[in-house]
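Q: Got a minute to go through this model with me? I'd like the core, the helix packing and the cysteines.

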Amino acid sequence: MAGKKQTTGKRGEDPLAPVTVAVGQEELLLDRAVREVVEAARAADPDTDVRDLPPGTLQPGVLTEVTSPSLFAERKVVVVRQSQDLGADTVKEVKNYLSSPVEEISLVLLHAGGAKGKGLLDAARKAGAREVACPKMTKPADRLAFVRNEFRGTGRSATPGACQALVDAIGSDLRELASACSQLAADVDGPIDEAVVARYYTGRAEASSFTVADRAVEGRTAEALEALRWSLATGVAPVLVTSALSQGVRAIGKLAAAPRLSPGELARELGMPPWKIDRVRQQLRGWTPDGVAAAVRAVAEADAAVKGGGDDPAYALEKAVVTIATARATGVPRS
């Protein structure tokens with residue numbers, strides 16, 4: 001392999017760049033960033049040596065050792081995890097390496113981002129490292145975009161309703177979402193729509209926090225309580241339920257106060273997809289301004305209780321669900 005040159009490309013595009021820094025705390029995306037470099041290296045040389053260094057392994061002198069040229073001039077991938085936690089002496093060694101990386105070696109630094117270890121991250125960027133963003137996907141819209149991209153990556157498409165139903169059913173775990181997309185793409189020959197998702201993930205969907213919210217804003221008290229108890233029993237965090245309740249009530253309030261426009265115009269005005277406008281319109285029947293205000297208060301009280309202000313989060317959630325469902329029909333909470 002002597003004389004073999006490392007491929008070059010624009011920053012952020014070439015997985016065989018001398019240095020890649022993956023920034024963020026989303027484990028699935030961090031693992032994918034590593035895998036992309038390893039696969040590219042092994043495509044160039046099947047005998048690539050991969051050194052994946054666990055946290056705490058990179059002590060002073062180790063990087064110099066693993067990046068030293070070998071007798072056979074083999075290609076290497078060196079992965080440094082949690083690089084934001086490296087000691088000062090090791091950081092100095094890594095910075096020295098960044099100024100003069102070794103040919104045939106791809107160094108991958110995984111960094112959580114933030115203030116800790118920022119000097120190393122800044123040095124990598126200044127050195128022209130390829131950067132891969134791996135942020136935690138805390139917003140439902142981010143997870144929805146992730147699901148759409150997963151289907152695109154398999155060469156398949158799914159309806160907007162199917163993507164939302166899958167997020168509602170699976171929740172915030174990106175690994176499970178990715179696995180579900182892969183399974184549906186492999187198993188389903190025809191269109192991937194809400195009916196398909198329901199067929200595969202009915203149990204999960206019924207246990208999801210968004211199902212609790214949907215049943216509550218629709219005034220279906222018994223079904224909302226059943227979904228809530230099942231959701232909590234299957235491990236859904238109480239804070240996710242309050243988040244879903246908040247989103248459901250806010251959507252009702254937004255649409256109730258919105259001008260009379262077409263679904264497309266409302267979608268642009270309110271920042272919701274058109275299919276969600278249609279769903280919320282169906283849920284809107286029976287709501288009054290007083291009812292919405294009561295529901296907002298109920299969600300705020302439940303959120304405070306769940307985040308430490310109360311002794312029994314499950315009871316606080318049950319109370320909120322009953323209040324919301326009753327407020328829809330009467331405009332005021334049940335006393």
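What follows is a short chat about this structure.

Q: What kind of model is this?
A: It is a predicted model.

Q: OK, cysteines. How many disulfides does the structure hold?
A: Zero disulfides. Take C163: it is in no disulfide. The nearest cysteine sulfur belongs to C181 and is 7.1 Å away. A disulfide needs the two sulfurs within 2.5 Å.

Q: Is C163 buried or exposed?
A: C163 is buried, because its relative accessible area is 2% and the cut-off for buried is under 20%.

Q: And C134, buried or exposed?
A: Buried as well: C134 has 0% relative accessibility.

Q: Switching to the core. How many residues are in the largest nonpolar one?
A: It has 40 residues. The ones with the most contacts inside it are F146, V147, F151, L166, L177, L184 and Y201. In soluble globular proteins, nonpolar side chains tend to be buried together.

Q: Which elements supply at least two residues of this core each?
A: Two strands do, β3 (76-80) and β4 (105-111). The helices are α1 (27-44), α5 (140-153), α6 (160-170), α7 (174-187) and α8 (194-207).

Q: Which one gives the most?
A: α1, with nine residues.

Q: What does L184 contact, leaving aside its neighbours within four places in sequence?
A: L184 is in contact with F151, R156, L166, I192, V196, V197, Y200 and Y201.

Q: What about another core, apart from that one?
A: There is one, of 31 residues. Among them are V212, L225, V241 and V321.

Q: Helix packing next. At what angle do the axes of α1 and α7 cross?
A: They cross at roughly 65° and come within 8 Å. The two helices are therefore roughly perpendicular to each other, since that label covers 65 to 115 degrees.

Q: Which residues make the contact?
A: From α1, they are E27, L28, L29, D31 and R32. From α7, they are L174, R175 and A178.

Q: What's the mix by class?
A: Four nonpolar, four charged and no polar residues.

Q: Last topic. Where does G235 lie?
A: G235 lies in the loop between α10 (221-233) and α11 (238-257).

Q: Buried or exposed?
A: G235 counts as exposed, because its relative accessibility is 61% and exposed means over 50%.

Q: How far are the C-alpha atoms of G235 and S208 separated?
A: By 9.9 Å. Along the chain, G235 and S208 are 27 residues apart.

Definitions and conventions
Residues numbered from 1 in each chain as written. Predicted model: local features only at pLDDT ≥ 70, side-chain atom pairs only at ≥ 80, totals over all residues. Heavy atoms only, no water. Buried < 20%, exposed > 50% of the residue type's maximum accessible area, 1.4 Å probe, protein only. Core = buried A, V, L, I, M, F, W, Y, C linked by side-chain atoms within 4.5 Å. Helix = DSSP H or I, 4+ residues; strand = E, 2+ residues; numbered from the N terminus. Contact = heavy atoms within 4.5 Å. Axes fitted to C-alpha atoms, helices over the stretch in contact; angles between N-to-C directions. Parallel < 35°, antiparallel > 145°, perpendicular 65-115°, else oblique. Nonpolar A, V, L, I, M, F, W, Y, C, P; charged D, E, K, R; others polar.
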